[in-house]
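Reader: Hello! I am new to this structure and would love a close look at a single part of it. Could you walk me through one piece and what surrounds it?

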Amino acid sequence: MSHARQADEILLGFTRALRAAGVPVTQDRAHGFLAAVAVLGADEQRATYTAGRATLCAGPDDLARYDQVFEAYFNARDGLPRLRPAQATAPGFSSLPDVEGSGEGEPGEDTVRATASAAEVLRHRDVADLSTAERQRLSAMFATLRLRPPQRRTARHQRWHRGEVDAHRTLRSSLRRMGEPADIAWRRRGVRPRRVVLLIDVSGSMSGYADALLRLGHRFTQAGRPSGAVVETFTLGTRLTHVTRAMRLRDPERALVAAGDTVPDWSGGTRLGETLRIFLDRWGQRGLARGSVVVVFSDGWERGDPELLATQMARLQRIAHRVVWVNPHRGKTGYEPVQQGVVAALPYVDDFVAGHSLATFAELAELVSRA
């Protein structure tokens with residue numbers, strides 16, 4: 001494979017990563033991106049960055065995702081797709097060692113394949129076991145999660161091309177024609193985004209997952225903004241903390257810093273029953289949890305009274321549309337739900353799922369979108 005062809009493959013791989021992250025990259029935009037890079041030259045990373053923003057982003061909402069995916073794909077610190085400077089293709093990239101082939105492919109193909117394989121392995125790794133460099137790389141990969149807010153039907157109807165007959169509009173159309181037959185008008189129940197409430201355990205036993213779970217909460221919040229979906233985020237520990245305002249910051253790093261400044265009980269104890277009671281008394285009964293999809297992230301290590309937790313989970317189930325419990329140990333070999341908190345909560349949970357890797361987060365996002 002020629003150097004120019006190898007460069008095009010890596011740049012097209014970047015457009016595919018953008019598409020997976022939700023940026024509507026069409027074939028025309030991808031070809032325009034390649035043409036722009038060819039004109040601007042490939043010896044400056046800033047040139048490729050600017051060319052991509054100008055040709056691949058359809059609107060302001062795409063810019064934040066573009067920046068995150070660009071950092072994830074072309075971040076020299078973590079060994080992501082790079083070409084040697086002598087190839088003069090991808091701009092400003094650190095060098096990769098030559099990949100020795102077995103005669104069945106070109107080095108460029110092996111590089112792209114090895115990179116894709118490493119990213120896929122990282123998606124399935126337990127986030128609590130990652131090194132600092134791997135955590136940084138995984139943080140950028142959160143931009144690839146495709147999140148769609150769940151929908152609920154409203155009492156109002158809206159015009160549609162099929163569904164049930166809209167007798168009122170059909171009759172009015174006929175009267176405008178002096179009684180002559182008119183086209184049949186159709187309608188359907190309107191839909192609106194359903195509220196999502198995230199309750200994230202930040203106690204000591206969950207400290208290895210807290211950063212990733214807050215990043216997931218940030219992605220849920222940002223994904224819901226274009227459609228007007230409401231995502232509320234709370235942390236649970238020895239007390240309840242409302243961190244939605246921090247999660248609404250567009251930049252994930254600033255959002256996590258703001259959340260860190262807000263939460264006073266990082267890596268402390270766990271009083272799930274007590275904090276859940278406070279949530280329901282102060283927020284849930286007032287409507288925040290009513291009809292919502294409530295997602296609880298916790299391993300179930302309860303220091304308080306399990307009976308209190310069971311009582312509060314029963315209250316939550318009665319007012320929520322769906323209750324999902326995400327346990328980071330759920331998907332591990334040999335796991336048994338024997339913790340006091342899990343045993344108390346399970347009878348009142350609609351879904352009990354794993355949540356220890358980016359792959360399980362993607363499965364959770366699909367589950368929530370269908371709720």
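Author: Let's start where Leu236 of strand 5 stands opposite Leu240 in strand 6. This is a predicted model, and the part to follow through it is strand 5, which covers residues 231–236. Strand 5 and strand 6 (residues 240–242) pair in the antiparallel sense, with three bridges between them. Three residues separate the two strands, and together strand 5 and strand 6 form a hairpin.

Strand 5 has another partner as well. Strand 4, made of residues 196–201, pairs with strand 5 in the parallel sense over six bridges. If you would like a place to look, find Val197, which stands opposite Glu232 in strand 5. Both kinds of pairing fit a general picture: strands of a sheet pair through backbone hydrogen bonds, either parallel or antiparallel. Between strand 4 and strand 5, trace the path through helix 8 (residues 207–224); the three elements make a right-handed β-α-β unit.

Now turn to the side chains. Val231, Thr233 and Thr235 point one way from strand 5, while Glu232, Phe234 and Leu236 point the other way. Which of these are buried? All of them are. Since six of the six residues of strand 5 are buried, the strand is largely enclosed by the rest of the structure.

Phe234 deserves a moment of its own. Its relative accessible area is 0%, so Phe234 counts as buried, the cut-off being under 20%. The structure holds ten aromatic pairs, and Phe234 takes part in one of them, with Trp283. The centres of these two rings are 5.4 Å apart and their planes meet at 65 degrees, so the pair is edge-to-face; that label applies to planes over 60 degrees apart. Phe234 belongs to strand 5 and Trp283 to helix 11 (residues 272–288), so this pair ties together parts that are 49 residues apart in sequence.

For a view beyond strand 5, there is also an open sheet of three strands, with the order 1-3-2 and antiparallel pairing. Its edge strands are strand 1 (151–160) and strand 2 (164–165), each of which pairs on one side only. Strand 2 pairs with strand 3 (residues 186–193) in the antiparallel sense over two bridges, and there you can find Val165 opposite Trp186 of strand 3.

Methods
Residues are numbered from 1 along each chain as its sequence is written. This is a predicted model: local features need pLDDT of at least 70, side-chain atom pairs count only at pLDDT 80 or more; totals for chains, interfaces and linings use all residues. Side-chain values use heavy atoms; hydrogens and water are left out. Buried means under 20% relative accessible area, exposed over 50%, partly exposed in between (1.4 Å probe, protein chains only). Helices (H or I, at least four residues) and strands (E, at least two) are DSSP runs, numbered from the N terminus. Two strands pair if DSSP finds at least two bridges between them. A crossover is right-handed if, with the strands pointing away from the viewer, the path from the first strand over the helix to the second runs clockwise. Rings of Phe, Tyr and Trp (its six-membered ring) pair if their centres lie within 6.5 Å; planes under 30 degrees apart count as stacked, over 60 as edge-to-face and the rest as tilted.
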